[in-house]
Amino acid sequence: MVGLPALTTEQLDAAAKGNNPLEIIQWLEMLEHSLLNASKEQLQNGTAHVLQILQFLLSTPYGKPVRDRVSQAYAALFDTAGTAKLSKTVNEFLSMIKIKDESPLSYQARLGAVSAMGRLHLKLGNMMFPFMNDVVPTIIKFGKNSS
């Protein structure tokens, strides 16, 4: 993937264990900067891979700082690369939130999905409106069940 940064297999393995949060935050910052300077071709070629990495990072045991940076990266990605895969991504977030697993890792992933949808709504505004009929009730149920 030319132009957009990627994480190595070792970095992804460390992320799965919750190691090296600073390295992940630095990668997310570099990604946001790269998105602003990437060509249209680089964005088209790298978006799918970056989405996979961001989805993976949502389900890692990192806390709020990494979760917030992942959410910002999602918003920056869709703001720069376009919203072609927005519907699929929002549906993945909704599926993640609806999972009944109460493990701490699952809870972190669900919080990350809620955070990312909030960032997307802030950044994309009216482009997120078609999803609100599904998003709002799902988040309200999640909030009621998690307290």
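This is a short talk on the core, one helix and the salt bridges of the structure above.

A word on confidence to begin with. What you see is a predicted model. The mean pLDDT of the protein chain is 88, and 97% of its residues reach 70 or more. By element, helix α1, residues 9–16, has the lowest confidence, at a mean of 86, while α5 has the highest, at 91.

I will take the core next. The largest nonpolar core has 43 residues. Which elements give two or more residues to it? They are α2 (21–37), α3 (40–58), α4 (64–81), α5 (86–98), α6 (104–124) and α7 (132–146). The largest share comes from α4, with eight residues. Inside the core, the residues with the most contacts are Leu28, Leu54, Leu57, Tyr74 and Leu120.

Please look at Tyr74. Leaving out residues up to four places away in sequence, Tyr74 touches Leu51, Leu54, Gln55, Leu58, Thr89, Phe93, Ala116 and Leu120. Two of the core residues I just named, Leu54 and Leu120, are among these partners.

Gln55 is also on that list, and I would like to stay with it for a moment. Gln55 is found in helix α3. Is this glutamine buried or exposed? At a relative accessibility of 18%, Gln55 counts as buried, the cut-off being 20%. Its contacts, again without neighbours within four places in sequence, are Tyr74, Glu92, Phe93 and Met96. Phe93 is thus in contact with Gln55 and is touched by Tyr74 as well.

Now to helix α7. This helix has 15 residues, and from its first C-alpha to its last it reaches 21 Å, close to the 21 Å expected at 1.5 Å a residue. Its buried residues include Met132, Val135, Thr138 and Phe142. Seen down the axis of α7, the buried residues fall within an arc of 140 degrees, so they line one face of the helix. The general background is that an α-helix has 3.6 residues a turn, so residues three or four places apart point the same way. On the other side of α7, Asn133, Lys141, Lys144 and Asn145 are exposed. What covers the buried residues? The cover includes α5 and α6.

Last, the salt bridges. A search of the whole structure finds six, and I will go through some of them.

Arg69 and Glu29 meet through their side chains at 2.9 Å, N to O. Arg69 is in helix α4 and Glu29 in helix α2, 40 residues apart, and the pair links distant parts of the chain. Arg69 also meets Glu32 in a salt bridge, at 3.7 Å, N to O. Glu32 lies in helix α2 and Arg69 in helix α4, so this pair ties together parts that are 37 residues apart in sequence. Taken together, Glu29, Glu32 and Arg69 are linked in a network of salt bridges.

How exposed are the two glutamates? Glu29 is partly exposed, with a relative accessible area of 38%, whereas Glu32, at 18% relative accessibility, counts as buried.

Another salt bridge joins Lys64 and Asp68, with the closest N and O atoms 2.8 Å apart. These two residues are four apart in helix α4, and about one helical turn separates them. Asp68 counts as buried, at 18% relative accessibility.

To close, one item on α4: it gives eight residues to the core, and Arg69 of the salt-bridge network lies in it.

Terms used. Residues numbered from 1 in each chain as written. Predicted model: local features only at pLDDT ≥ 70, side-chain atom pairs only at ≥ 80, totals over all residues. Heavy atoms only, no water. Core = buried A, V, L, I, M, F, W, Y, C linked by side-chain atoms within 4.5 Å. Buried < 20%, exposed > 50% of the residue type's maximum accessible area, 1.4 Å probe, protein only. Contact = heavy atoms within 4.5 Å. Expected span 1.5 Å × (residues − 1). Arc of directions from axis to C-beta. Salt bridge = Lys/Arg side-chain N within 4 Å of Asp/Glu carboxyl O. pLDDT = per-residue confidence, 0-100.
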